[in-house]
Amino acid sequence: MTAENRVYKPKAISGFPEWLPEYRVVELAWLDRIRRVFESYGFCNIETPAVEEVDALLAAKGGDTQNEIYVLERLYADPVDEGKEARLALHFDLTVPMARYVAQNFNALVFPFKRYQLQKSYRGERPQKGRYREFYQCDIDIVNVDALPLQCDADLAAALLSAYKALDIPPVVMQLNNRKIVTGFLKGLGIEDATLATRTLDKLDKIGAKGVTDILSAAGIASDKITACLGLAAIRAHDSAFVVQVRALGVSHPELDEGLDELAFVIDQLAPQFGTQVLVNLGIIRGLDYYTGTVMEVRFADTKTFADLSIGGGGRYENLASAFINQKLPGVGASLGLTRLFGLLLDKNMITPGRKCPTDILVVLPEEARRTEAAATANTLRARGFNVELYHRDAKIKNQLAYAEKKNIPFVWFPPFKDDQPHEVKDLTSGQQSPADPATWERNS
RNA sequence: GCGGCCGUAGCUCAGUGGUAGAGCGCUUGGUUGUGGUCCAAGAUGCCGUGGGUUCAAUCCCCAUCGGUCGCCCCA
């Protein structure tokens, strides 16, 4: 082995998934179906650049996402240019770019603005199960000026859940809550540090009631208040029956009342269409601080098989674009985590692979002297809408057939091997072969 | 940013202090124009990288890089 034929051994870059053609074709089909569902609810598509200005991302930051931002730089940047151009970074979600887009095109858009985006997002974090550094997000949002009717929360949740239902995946459940219920409840109890309390309650499933109690009592919260919080977080319902259960805890606050009314409205809108696929779960909080009302989270119904990973979610935000425009723009948005969803199912061998190539017909090359003729046959078939490959070299028929077999090409076309011989087509599934005319042949003839 | 485990052929993995193997895959052949099976032959490895211990390291020790799982946070 000499230095010159030494290869750079390729390796997978952790967190940047890529699939084989037979799986990519499935992913593409899913993207198509999701798109169809979103459009069926009247959402229009936009695409924003992979990058935003760093300052724009930071201005609208939500949570701790800023330390996950990938910054763009030139490998050999000219020091003279330094500082002349705004620093760019890859977007970590699609909500911030959308907010910037809405602010920028404010006069040209019609409100309420309903849009979807199917694009990749980038996060510089340590990858692990179900977590990627480059991943598809299928985002839908509704944004309006000044006020956004609660009906939009229900519509958006319906559009999101319908997208999952359009895919060949195990059953999912959408869990719903309203931030105002949680914050109002905490205020009613007189708990000051709402952030700590909500964040801790959000981990209830993971660390258990004891874990939550330990953390909250260490923060100086009285045990009867902790018990009340745990009682709230334990409430589940498929309809507005949860309101009575919350009232029974004996806490009252105007914000709590507001949240209860809102969530009751949303669940009553969704229950007739989705039944038990929507679930009020007052233990769902979600991390992002900018949510102010409805929050939703989608998971597989079978939490044992798929861990308890969220495969999508979103919520209501009162003023998303305040960093970009002096207008009040409330919205509701959600994201379907396609890459996570796909990756989880792939791990479990639950994705049925598609074909390895789109080719419908392989045209056999009988011998070099008949190449022009065979190429003409291929073109005739292409013109009629078939996906056609002409075998790429003069080879034994056996090899040409084996190629078709390996690539899952369903039909092999035999042009004449001798003058005055008819064309023949072979169905590789059945093995049957019969004379055919390239100008008139149909698949199921 | 922190912790656990792991790095041997394209893939999945065995293995030994004296420089390596299997299965799958790949290439070719089993004659004249026909695949999947079967049979035969063949190619492919700085045993992640750097240092240390040793007569000798793929194996032991250290470091480093990479992978993976978890914490944090999130789709």
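Helices are DSSP runs of H or I with at least four residues, numbered from the N terminus. In this predicted model, helix α13 gives the most to the surface near RNA strand B, with six residues.

The contact surface was examined as a whole. RNA strand B is surrounded by 40 residues. The closest are Ser-14, Arg-123, Arg-131, Glu-405 and Gln-421. By class, the residues of this surface divide into 19 charged, eleven nonpolar and ten polar. On the RNA side, sugar and phosphate account for 50% of the atoms that come within 4 Å of the protein.

Individual polar contacts reach both base and backbone of the RNA. A backbone N or O atom of Tyr-132 lies 2.9 Å from a base nitrogen of RNA strand B. Two lysines approach phosphate oxygens through their side chains. For Lys-396, the distance from a polar side-chain atom to a phosphate oxygen is 3.1 Å. For Lys-206, an N or O atom of the side chain is 3.4 Å from a phosphate oxygen. Two elements give two or more residues to the surface near RNA strand B: β5 (134-143) and α13 (397-406).

Strand β5 also belongs to an open sheet of nine strands. The strand order is β1-β4-β5-β11-β10-β9-β6-β8-β7, and the pairing is mixed. Strands β1 (44-45) and β7 (236-237) form the edges, and each pairs on one side only. Strands of a sheet pair through backbone hydrogen bonds, either parallel or antiparallel. Strands β6 (residues 172-178) and β8 (residues 278-281) run parallel and are joined by three bridges. Within this pair, Met-174 stands opposite Val-278 of β8.

Internal voids were then considered. Rolling a probe the size of a water molecule over the atoms shows where empty space is left. A search of the whole structure finds one cavity of 30 Å³ or more. The volume of the largest cavity is about 30 Å³. Its lining consists of Met-98, Ala-99, Val-102, Val-143, Leu-320, Ala-321 and Leu-329. Helix α3 (residues 95-104) supplies the largest share of this lining, three residues. The lining residues divide into seven nonpolar, no polar and no charged.

Aromatic packing was counted next. A pair of aromatic rings is described by the distance of the centres and the angle of the planes. The structure holds 13 aromatic pairs with ring centres within 6.5 Å. In one of them, the rings of Trp-30 and Phe-342 have their centres 5.3 Å apart. Their planes stand at 85°, so the pair is edge-to-face; the cut-off for that class is over 60 degrees. This pair links distant parts of the chain. Trp-30 sits in helix α1 (residues 21-40) and Phe-342 in helix α11 (residues 338-347), 312 residues apart.

Two loops carry backbone features of note. The peptide bond from Phe-111 to Pro-112 is cis, with omega near 0°. Pro-112 lies in the loop between α3 and β4 (113-122). Helix α3 also provides three residues to the cavity lining, and β4 is part of the nine-stranded sheet. The second feature concerns Asn-349. Although Asn-349 is not a glycine, its phi is positive, at about 60°. Asn-349 is placed in the loop between α11 and β12 (361-363). Helix α11 also holds Phe-342 of the edge-to-face pair.

Definitions and conventions:
Residues are numbered from 1 along each chain as its sequence is written. Chains are lettered from A and ligands numbered from 1 in the order in which they are written. This is a predicted model: local features need pLDDT of at least 70, side-chain atom pairs count only at pLDDT 80 or more; totals for chains, interfaces and linings use all residues. Side-chain values use heavy atoms; hydrogens and water are left out. Two strands pair if DSSP finds at least two bridges between them. A residue is near a molecule or strand if one of its heavy atoms lies within 4 Å of it. A polar contact is a pair of N or O atoms within 3.5 Å; within protein, one must be able to donate a hydrogen and the other to accept it, and residues adjacent in sequence count only if both atoms are side-chain atoms. Ala, Val, Leu, Ile, Met, Phe, Trp, Tyr, Cys and Pro count as nonpolar, Asp, Glu, Lys and Arg as charged, and the others, Gly among them, as polar. On a 1 Å grid over the protein atoms alone, a cavity is a set of points where a 1.4 Å probe fits but cannot get out, and a pocket is an open set with protein on both sides within 12 Å along at least five of seven lines; lining residues have an atom within 4 Å of a point. Grid points are joined across faces, edges and corners, and a volume is the space filled by probe spheres set on the points. Rings of Phe, Tyr and Trp (its six-membered ring) pair if their centres lie within 6.5 Å; planes under 30 degrees apart count as stacked, over 60 as edge-to-face and the rest as tilted.
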